[in-house]
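Here's a quick briefing to read with the model open beside you. It starts with the whole chain and then zooms in on a few spots.

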Amino acid sequence: MGVQISEIIPRKEIEVSDLKGKILAIDAFNTLYQFLTTIRQPDGTPLMNRQGKITSHLSGLFYRNINLLQEGVKPVYIFDGKSPELKRAEIEKRKEAKRIAEQKYEEAKEKEDVGEMKKYGGRFVKITDEIIEESKKLLLAMGIPVIQSPGEGEAEAAVLARANKAWAAASQDYDALLYGAPYLVRNLTSTRRRKTAAGIYMDIKLELIEFQDVLNKLQIDKDQLICLAILVGTDYNPGGIKGLGQKRALEIVQKYKYPVEIFKHVQENDRYNFIFDWQEIFKQFHEYESSYMEEIEFRKVDEVKVKKILLSYDFSENRIDSGLQRLERIEEDKKQKGLRDFF
């Protein structure tokens with residue numbers, strides 16, 4: 001879900017060429033969910049091999065990353081570690097939503113209602129340990145760095161960007177801003193065209209959100225931004241404070257400025273009621289520190305390993321070879337550029 005502040009966040013559209021040469025710390029789980037929910041058959045079932053193993057994530061990782069690498073983007077995937085205890089309520093809520101979606105999908109399947117199957121098919125996606133390991137192996141074989149976060153992947157991505165180990169965090173959620181990511185890129189791994197529920201195709205544009213621009217436009221500081229997010233709801237307090245929207249929440253943090261004063265005002269207002277510990281949630285965003293000390297290293301593609309992995313999941317050999325040829329051209333271009341720079 002992420003923090004619900006999309007209505008008031010300034011952003012600008014960019015081209016993928018604007019990201020050339022930049023290291024992007026990608027929230028891996030966010031991206032895998034995206035692939036698993038969107039790369040599907042018309043009836044809502046995911047791509048699978050002959051043994052019934054899901055392959056949507058591998059298809060997305062292979063082809064979308066080739067596109068990024070061809071554009072000169074340097075992707076790094078950050079995988080989630082252990083979720084904070086504060087997130088348990090949201091995790092349970094998501095499990096229940098998935099259970100209901102799966103039930104509705106099975107009902108639609110019995111009725112052979114393809115439209116309803118497609119509607120609910122992507123709503124009960126589960127990222128298993130197997131999917132995580134498969135994804136890591138393919139990325140590493142492609143020469144793409146993988147970082148295991150001790151906690152939330154988007155927090156690690158944001159802190160890596162803050163430490164200049166990456167230029168930006170890349171995710172669909174806005175949480176990276178609460179951890180102080182200097183730049184947030186949205187729609188990086190999305191398909192460039194999407195079909196709406198009405199059957200109309202719409203273009204999906206890359207979006208860039210600049211942390212300092214957000215603070216300047218909203219006339220707040222980082223602590224106030226965190227408070228704003230808590231007021232409207234985060235993964236640690238889903239739904240936030242009932243009846244308090246994004247614009248009104250912004251007015252409150254602008255007026256009362258300091259975290260203690262902001263929540264004192266809300267607690268004293270009879271219109272609002274909340275039972276969560278705002279200070280614990282504030283600490284989650286404010287005090288996260290990365291334990292990753294190494295420099296991010298990009299390796300050469302291991303073509304043999306990539307091919308072995310994908311063939312084991314029944315990918316077309318011709319399509320694999322075509323993708324690998326594109327990766328080879330990227331390596332050749334690097335060598336040519338290196339020679340030009342030398343002379």
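**The big picture**

For 343 residues, a compact globule would come out with a radius of gyration near 20 Å, and the protein has 22 Å, which agrees. Keep in mind that this is a predicted model. Here's what it shows, topic by topic.

**Overall build**

- The secondary structure adds up to 14 helices and nine strands.
- Measured out along its principal axes, the C-alpha trace spans about 65 × 65 × 35 Å.
- Of the 343 residues, 49% count as buried.
- The protein exposes about 18,400 Å², and carbon and sulfur atoms supply 48% of that.
- Take the contacts between residues at least 6 apart in sequence: 70% of them join residues at least 24 apart.

**Strand S3 and its neighbours**

- Strand S3 covers residues 74–79 and is mostly covered, with five of its six residues buried.
- Strand S2 (residues 23–27) pairs with S3 in the parallel sense, over five bridges.
- One place to look for that pairing is Ile23, whose bridge partner in S3 is Lys74.
- S3 also runs parallel to strand S4 (residues 146–148), and three bridges join the two.
- Here you can pick out Tyr77, which has Val146 as its bridge partner in S4.

**Helix H10: two sides**

- Helix H10 takes in residues 246–256, and its buried residues are Gln246, Ala249, Leu250, Ile252 and Val253.
- These buried residues cover an arc of only 160° around the axis, so they sit on the same side of H10.
- As a rule, an α-helix has 3.6 residues a turn, so residues three or four places apart point the same way.
- Turn to the other side of H10 and you find Lys247 and Lys255, which are exposed.
- What do the buried residues of H10 pack against? They pack against helix H8 (211–218), H9 and helix H11 (259–268).
- Lys257 follows H10, and its phi is positive, near 65°.

**Gln224 in helix H9**

- Gln224 belongs to helix H9, which runs over residues 222–232.
- Is Gln224 buried or exposed? Its relative accessibility is 6%, so Gln224 counts as buried, the cut-off for buried being under 20%.
- The Gln224 side chain reaches the backbone nitrogen of Asp221 at 2.8 Å.
- Leaving aside residues up to four places away in sequence, Gln224 touches Val253, Gln254 and Lys257.
- Of those partners, Val253 is also among the buried residues of H10, and Lys257 is the residue with the positive phi that follows H10.

**Thr234 in the loop**

- Thr234 sits in the loop between H9 and H10.
- With a relative accessible area of 0%, Thr234 is buried.
- A polar atom of the Thr234 side chain lies 3.0 Å from the backbone nitrogen of Tyr236.
- The Thr234 side chain also makes a polar contact with the side chain of Asn237, at 2.7 Å.

How values were computed: Residues numbered from 1 in each chain as written. Predicted model: local features only at pLDDT ≥ 70, side-chain atom pairs only at ≥ 80, totals over all residues. Heavy atoms only, no water. Helix = DSSP H or I, 4+ residues; strand = E, 2+ residues; numbered from the N terminus. Buried < 20%, exposed > 50% of the residue type's maximum accessible area, 1.4 Å probe, protein only. Polar contact = N/O pair within 3.5 Å; in protein donor to acceptor, adjacent residues only side chain to side chain. Contact = heavy atoms within 4.5 Å. Arc of directions from axis to C-beta. Rg over C-alpha atoms; globule rule 2.2 N^0.38 Å. Areas by Shrake-Rupley, 256 points an atom, 1.4 Å probe, with all protein chains shown as cover. Pairing = 2+ DSSP bridges.
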